[in-house]
Amino acid sequence: MRRSSEKTDEIRKRLRALAEPEYQVFSASLLPGTGNILGVRLPKLRKLAKQLAAEDWKGCADSLAQKKEEAFFEEIMLKGFVIGYAHSLGKAELSEILSETEAFLPLIDNWSVCDSFCSTLKIAKEYPQEIWKFIQPYFQSEREFSVRFAAVMSLDYFIDEKYIEKLYSAYDSVRHPGYYAKMAVAWAVSMCYVRFPRKTEAYLAACALDDFTCNRAIQKTIESRCVDAQRKEHLRSLKR
């Protein structure tokens, strides 16, 4: 325990050295309700995470954010990055990454950590079937940001011919009332439309999404520069 505490203190010291007061104010404004922000820019966090993952990824993952209520925002973000980079650096196998991810998800309580963590889990490109199976239960999770995790993972790695129909079914299964869960599903559906306009238009016309999510998905699609004016006009007619 003492060794873990010493590692936590060491990492926290490195984070404080990277913090910028002005950026702390900016970050806090983007994440209302999120306390304990030091103000470290994401590129610096990613660089540090790669260093830590290369040195001792498991020790760092275990020592960071042991008590969520006492952890800095950057410590939680850093923990996610370390988990994500551990495999790409050849330090961890798929089973270890999945186990660490499962333990990490309850720590996520904002969109920034969630979305940044998903974009770092590039192991999904190497093991799509295994990752697809892994994220399935999270579409029905009781935790808002676990649902968002599943939705963002799906849009980051699975919008293709093989998975598109499975995506529609997964989105229809979401019942969480949380705003950030709904918005992630809406975002994912809009990205599906960009890649598969005809299929996604047919889906929107008969989907089981709640009205809020369906309308937000349509609105986000309409706002896309990748969709032509004629299609946008038809999409407006699908709003509930």
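These are legends for close-up views of a predicted model.

**View 1. A salt bridge between helices α1 and α4.** Here the side chains of R12 and E75 come together, with N and O 2.9 Å apart. R12 belongs to helix α1 (residues 2-18) and E75 to helix α4 (residues 73-88), so this is a link between distant parts of the chain, 63 residues apart. The two partners don't share the same surroundings in terms of solvent: R12 is partly exposed at 23% relative accessibility, while E75 is buried, at just 1%. It's one pair out of a total of 14 salt bridges in the structure.

**View 2. R41 and E20, loop to loop.** What does R41 pair with? Its salt-bridge partner is E20, and the closest N and O atoms are 3.1 Å apart. R41 sits in the loop between α2 (21-30) and α3 (42-63), and E20 in the loop between α1 and α2, so the pair ties together parts that are 21 residues apart in sequence. R41 is partly exposed, at 36% relative accessibility, and E20 is partly exposed too, with 22%. Keep K44 in the frame as well: E20, R41 and K44 are linked in a network of salt bridges.

**View 3. R231 meets E201.** This salt bridge has its N and O at 3.8 Å. The cut-off for a salt bridge is 4 Å, so the pair counts. R231 comes from helix α14 (residues 229-236) and E201 from helix α12 (residues 197-206), 30 residues apart. Buried or partly exposed? For R231 the relative accessible area is 22%, which makes it partly exposed; E201, at 18%, is buried. The line between the two classes is drawn at 20%, so these two residues fall on opposite sides of it.

**View 4. Rings, and a charge over one of them.** F104, F117, F134, Y138 and F149 make up one aromatic cluster. Across the structure, the count of aromatic pairs comes to 15. For a cation and a ring, look at R46, which lies over the face of F81 at 4.1 Å from the ring centre.

**View 5. D115 in helix α6.** The helix around this residue covers residues 111-120. D115 is an acidic residue that is buried, with a relative accessible area of 14%. Which residues does D115 contact, once neighbours within four places in sequence are set aside? They are R148, V152 and W187. As a distance to check in your viewer, the C-alpha atoms of D115 and A151 are separated by 9.8 Å, and the two residues are 36 apart along the chain.

**View 6. I131 and the largest nonpolar core.** This core has 86 residues. Those with the most contacts inside it include I131, along with L78, I135, F149, M153, Y171 and L204. Nonpolar side chains tend to be buried together in soluble globular proteins. Zooming in on I131, and leaving out residues up to four places away in sequence, you'll find it touching L94, L98, I123, A124, M153 and F158. M153 is thus a partner of I131 and also on the list of residues with the most contacts in the core.

**View 7. S146 in helix α9.** Helix α9 takes in residues 144-157, S146 among them. Is S146 buried or exposed? At 2% relative accessibility, S146 counts as buried. Not counting residues up to four places away in sequence, S146 touches L105, Y138 and S141. One of these, Y138, is also a member of the aromatic cluster with F104, F117, F134 and F149.

Terms used
Residues are numbered from 1 along each chain as its sequence is written. This is a predicted model: local features need pLDDT of at least 70, side-chain atom pairs count only at pLDDT 80 or more; totals for chains, interfaces and linings use all residues. Side-chain values use heavy atoms; hydrogens and water are left out. Helices (H or I, at least four residues) and strands (E, at least two) are DSSP runs, numbered from the N terminus. Buried means under 20% relative accessible area, exposed over 50%, partly exposed in between (1.4 Å probe, protein chains only). Rings of Phe, Tyr and Trp (its six-membered ring) pair if their centres lie within 6.5 Å; planes under 30 degrees apart count as stacked, over 60 as edge-to-face and the rest as tilted. A charge sits over a ring if NZ of Lys or CZ of Arg is within 6 Å of the ring centre and within 35 degrees of the ring normal. Contact means heavy atoms within 4.5 Å. A nonpolar core is a set of buried Ala, Val, Leu, Ile, Met, Phe, Trp, Tyr and Cys residues joined through side-chain atoms within 4.5 Å.
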